[in-house]
Amino acid sequence: MWTTPSAKCSSPSTPPAATRCWRQAGRCLKAGSTFTRPAPFFIEAVPLGVAKDVSLAGLLEEMGLTRDNLMACGDGLNDRSMIRYAGVGVAMQNAEPPVKEAADYVTEADNNHDGVAEAIEKFIL
């Protein structure tokens, strides 16, 4: 299924320092990388084409399933692709606004207070 290795570089920092780094990131690396900000204090760099939706599509194919069989839950900006891809995309209550906009459903609870359990009870059980 996967023919090339992938690597991820993650860097936690203070939100102001992460913002400065985010602004400079495109100038620092070659065009072969994608940058995401899962949270205000975090930056990730991955090779182009590496994303959660792509990984889930490969996994579903291996399992003989479709995206209609998939529920994806997330709260970070790097979760948007899988939330949009899934048959049911769920954003946690504490997710950033663009994540909530990508979701089919936003939980009443956040990820620290059983938001995923809420989604499982609503859509799976």
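Hi everyone, let's start with helix 2, where the buried residues are Leu56, Gly58 and Leu60. Please keep in mind that this is a predicted model. Part of the cover over those buried residues comes from helix 3, residues 80-85. Helix 2 itself runs over residues 52-63, 12 residues in total. From its first C-alpha to its last it reaches 16 Å, close to the 16 Å expected at 1.5 Å a residue. Right after helix 2 comes Gly64, which has a positive phi, near 75 degrees.

Now over to strand 2, residues 33-39, where you'll find Thr34. Is Thr34 buried or exposed? Neither, really: its relative accessibility is 29%, and because buried means under 20% and exposed over 50%, Thr34 counts as partly exposed. Leaving aside residues up to four places away in sequence, Thr34 touches Glu44, Ala45, Val46 and Leu48. As for Ala51, 17 residues from Thr34 along the chain, the two C-alpha atoms are separated by 9.2 Å.

Last stop, the aromatics. How many aromatic pairs does a search of the whole structure find? Just 1. The partners are Tyr105 and Phe123, with ring centres 5.3 Å apart and planes at 80 degrees, so we call the pair edge-to-face. This pair links distant parts of the chain, with Tyr105 in strand 6 (residues 105-106) and Phe123 in helix 5 (residues 115-123), 18 residues apart. Tyr105 is buried, at 18% relative accessible area, whereas Phe123 is partly exposed, at 35%. Phe123 has another neighbour to point out: Lys122 lies over the face of its ring, 5.6 Å from the ring centre.

Thanks for listening!

Methods:
Residues numbered from 1 in each chain as written. Predicted model: local features only at pLDDT ≥ 70, side-chain atom pairs only at ≥ 80, totals over all residues. Heavy atoms only, no water. Helix = DSSP H or I, 4+ residues; strand = E, 2+ residues; numbered from the N terminus. Expected span 1.5 Å × (residues − 1). Buried < 20%, exposed > 50% of the residue type's maximum accessible area, 1.4 Å probe, protein only. Contact = heavy atoms within 4.5 Å. Phe/Tyr/Trp six-rings, centres within 6.5 Å; stacked < 30°, edge-to-face > 60°. Lys NZ or Arg CZ within 6 Å of the ring centre and 35° of its normal.
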